[in-house]
There are 4 protein chains.
Amino acid sequence: MKNQKPKYHQIIEAAVKVIAENGYHGSQVSKIAKEANVADGTIYLYFKNKEHILVSLFEVKMGEFIDQIAKAIEACSTASDQLYTMIKMHFGQLSTDYYLAIVTQLELRQSDISLRLQINQVLKPYLTIIDGIIQTGIKQQQFREDLNIPLVRQMIFGTLDEIVTNWVMKDQKYPLVDMAPEIHRMLVSALTAQQISK
Amino acid sequence: MKNQKPKYHQIIEAAVKVIAENGYHGSQVSKIAKEANVADGTIYLYFKNKEHILVSLFEVKMGEFIDQIAKAIEACSTASDQLYTMIKMHFGQLSTDYYLAIVTQLELRQSDISLRLQINQVLKPYLTIIDGIIQTGIKQQQFREDLNIPLVRQMIFGTLDEIVTNWVMKDQKYPLVDMAPEIHRMLVSALTAQQISK
Amino acid sequence: MKNQKPKYHQIIEAAVKVIAENGYHGSQVSKIAKEANVADGTIYLYFKNKEHILVSLFEVKMGEFIDQIAKAIEACSTASDQLYTMIKMHFGQLSTDYYLAIVTQLELRQSDISLRLQINQVLKPYLTIIDGIIQTGIKQQQFREDLNIPLVRQMIFGTLDEIVTNWVMKDQKYPLVDMAPEIHRMLVSALTAQQISK
Amino acid sequence: MKNQKPKYHQIIEAAVKVIAENGYHGSQVSKIAKEANVADGTIYLYFKNKEHILVSLFEVKMGEFIDQIAKAIEACSTASDQLYTMIKMHFGQLSTDYYLAIVTQLELRQSDISLRLQINQVLKPYLTIIDGIIQTGIKQQQFREDLNIPLVRQMIFGTLDEIVTNWVMKDQKYPLVDMAPEIHRMLVSALTAQQISK
DNA sequence: CATGAATGAGATTTCATTCAT
DNA sequence: GATGAATGAAATCTCATTCAT
């Protein structure tokens, strides 16, 4: 698959590297072209414009990211396990891919709103996965049945995202994955029917 | 107070409006100057450069935002009440100030990293307030004593921030403050010592 | 005389200092005003515009410069002595007034052509003095009678000016006045009727 | 040779013309680009910035200027002949190239000191030629052996430069080259061992 | 398919000068 | 006479995109 459209992937990989190293505003098309070993004009044979490189980058990388998570979750039976797996995978993948973490958590957020809306579209399958976990939890009577699903989804995603962003900005001084159990415990508590606390 | 440094505040207010209406990249200094009814050059009597307008804007507006929250919280005795008040205030203030919500949730995030770091400094007092609530809850034995405070803080802030951002991006179709009780309930559950769930 | 129009002279002196220290393009009117301890607007009560400050500066300073030379020359009987005195005075005065040398030799030359033409007017009396010396030398049959006076004047002035400029640019590493006898000897030779060198 | 890097030379020639006609401060990059029939941005493919256009202009033009003189001098055996040739060439070349004379004698002197220092570097080979002539004259026992070479060089260059500048400022009303014999005579006299004038 | 030279629109900031107090 | 806050015109340079080869 990598050998189909080799230039296409060359350019995407070059873009990730260039953006991670030079920042969003320091990443000119010509710099990406040079890193990809193609001419500036060649970029435009594969991408409509600069914004399209970034959207495609996000599509490809987030696609893999989400696929990994989806696959891993299939193996889990309870909603709690699924959530735990998701958190570990989310943290794990971004821990592993240094450049990707910088690009998605810091640099790509500097894009303008039109690009951000497209990025949100790419994230939708991830949000759907989260929704699925929540619904599973409700069905399994592990989570409260009166949960407002979009709200819960925003809590979960907002929490994970904020934690990763903090970790990236603090130069990854601690192992991100170690945070998973604690986060998992808190999120499950948040969603679980409370015993009468007297 | 508004009459002290009137031009300074004129320019800040103009900047909020212009950025909310034209987007970060569509907000030229000359546009802000025209909206503020001053000459382009006048801007530079009050602000070192364009970035400094944005930092100042954030300082002034977030300063007020945080002060309001801090004051409201003083009246609350339990950590749970404090948290509820904070959520309501956070949502309430951004619901009320349409322009400010757009600017802080969407537009200012497009700034480059140097500006984002300055913005983070401005947010610190807010994070300190959150930490205070958590510690109060622990002391009052309402929250678990083994909480990882930075992590909890990131969960709380990430959750609220993601919810507001979603609300802004969906054109504020629902009353944001109505989300407060549900969020509060989930967050308190997340932090509360769980009964043995068998 | 200094107490008449005290502000006028304050501003001139401030301009010399500011230009010497900050360079021509680093010398804003506001900087000169601050150095002179007056308000920006006050400058315009004494000078029509910025260019006028510079012309006036040159008039005052070159006026003194030329007066000193003229007075010294009166005491000399032969053209050769007059020339020697002139050279010594020219070098001596610029050696003594560090700031003035920088301003006249380096900074003021960056002015535009309209200002340079005015500066040339101020220099005219100096050129007249040089012409006078040449004519005296011819009358005294010390210099050749077929000299092209404007040309000779340009040689003399061009030589002195170039030497001073080199001296200023090389950070005044050697005593400028020490060059006088050598220069004098060469210039006198240039103007003297040559013996048949067969 | 002109057809190598054609745009580069187009821009240089355009710069000379535009600066001669509009003055240093009236020569915007866009004006030079229009005169050169290229887009504004094209300038920056060949020159790092505006200052670099001016330095390059001076390098190219003075390079040719100096080469011509150097070549012409090779054919002369005595130092006196060399000096005469140099003067004639110096005057001749600037007489011929109207625009160049204005640019080098008047406009380029308005540049700031950093540019002037670079210009001085370009002039160095010319000064070396002058030094060579002086040394030849000494070796040939035509000139005095106790000459202070740097001083003599400054006299020669300062004289020629001042004369050309006067000629340019007076709108070239007389044929500059006609001055050569007179100047040559005076300079040779200045450097020649004097007969005892008793 | 690939190239890369050329394009040209667009915005921040400075600073001489004014004028109401 | 003196002030200094306010003015606003003006120009360099970048970089996404094109198109002839």
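Me: Which residues come nearest to DNA strand E?

Reply: Of the 27 residues around DNA strand E, the nearest are A:Lys7, A:Thr42, A:Tyr46, D:Thr42 and D:Tyr46. The model is predicted, so local features need pLDDT of at least 70 and side-chain atom pairs count only at pLDDT 80 or more, while totals for chains, interfaces and linings use all residues. Residues are numbered from 1 along each chain as its sequence is written, chains are lettered from A and ligands numbered from 1 in the order in which they are written, and side-chain values use heavy atoms, with hydrogens and water left out.

Me: What makes a residue count as near a strand?

Reply: One of its heavy atoms has to lie within 4 Å of the strand. Of the atoms of DNA strand E within 4 Å of the protein, 71% belong to sugar or phosphate and the rest to bases.

Me: Why is the pair of B:Tyr44 and DNA strand E called a polar contact?

Reply: A polar side-chain atom of B:Tyr44 lies 2.8 Å from a phosphate oxygen of DNA strand E. A polar contact is a pair of N or O atoms within 3.5 Å (within protein, one must be able to donate a hydrogen and the other to accept it, and residues adjacent in sequence count only if both atoms are side-chain atoms), so this pair qualifies. The side chain of B:Lys50 has an N or O atom 2.7 Å from a phosphate oxygen of DNA strand E. A base is involved too: a polar backbone atom of D:Gly41 is 3.2 Å from a base nitrogen of this strand.

Me: Which helix gives the most to the surface near DNA strand E?

Reply: That is H3(A), with five residues. Helices here are DSSP runs (H or I, at least four residues), numbered from the N terminus.

Me: How do you know that the side chain of C:Tyr46 makes a polar contact with DNA strand F?

Reply: An N or O atom in that side chain is 2.8 Å from a phosphate oxygen of DNA strand F, and the pair therefore falls inside the polar-contact limit. D:Gln28 offers a polar side-chain atom 2.9 Å from a phosphate oxygen of the strand, whereas A:Lys50 uses a backbone N or O atom, 2.9 Å from a phosphate oxygen. H3(C) gives the most to the surface near DNA strand F, five residues.

Me: Why is the pair of C:Asp146 and D:Arg185 called a salt bridge?

Reply: The closest N and O atoms of C:Asp146 and D:Arg185 are 3.1 Å apart. A salt bridge is a side-chain nitrogen of Lys or Arg within 4 Å of a carboxyl oxygen of Asp or Glu, so the name applies. The rule finds two salt bridges across the interface of chain D and chain C.

Me: What makes up the side of chain D that touches chain C?

Reply: It divides into 15 nonpolar, 13 polar and 10 charged residues. Ala, Val, Leu, Ile, Met, Phe, Trp, Tyr, Cys and Pro count as nonpolar, Asp, Glu, Lys and Arg as charged, and the others, Gly among them, as polar. H8(D) supplies the largest share, 11 residues.

Me: How many residues of chain D and chain C are in contact, and what area is buried between them?

Reply: Contact (heavy atoms within 4.5 Å) joins 38 residues of chain D to 40 residues of chain C. The area buried between these chains is about 3400 Å², of which carbon and sulfur atoms give 58%. D:Leu151, D:Gln154 and D:Met186 supply 18% of the area that chain D buries against chain C, more than any other three residues. Buried area is the accessible area (1.4 Å probe) that two parts lose on being put together, summed over both.

Conventions
Helix = DSSP H or I, 4+ residues; strand = E, 2+ residues; numbered from the N terminus.
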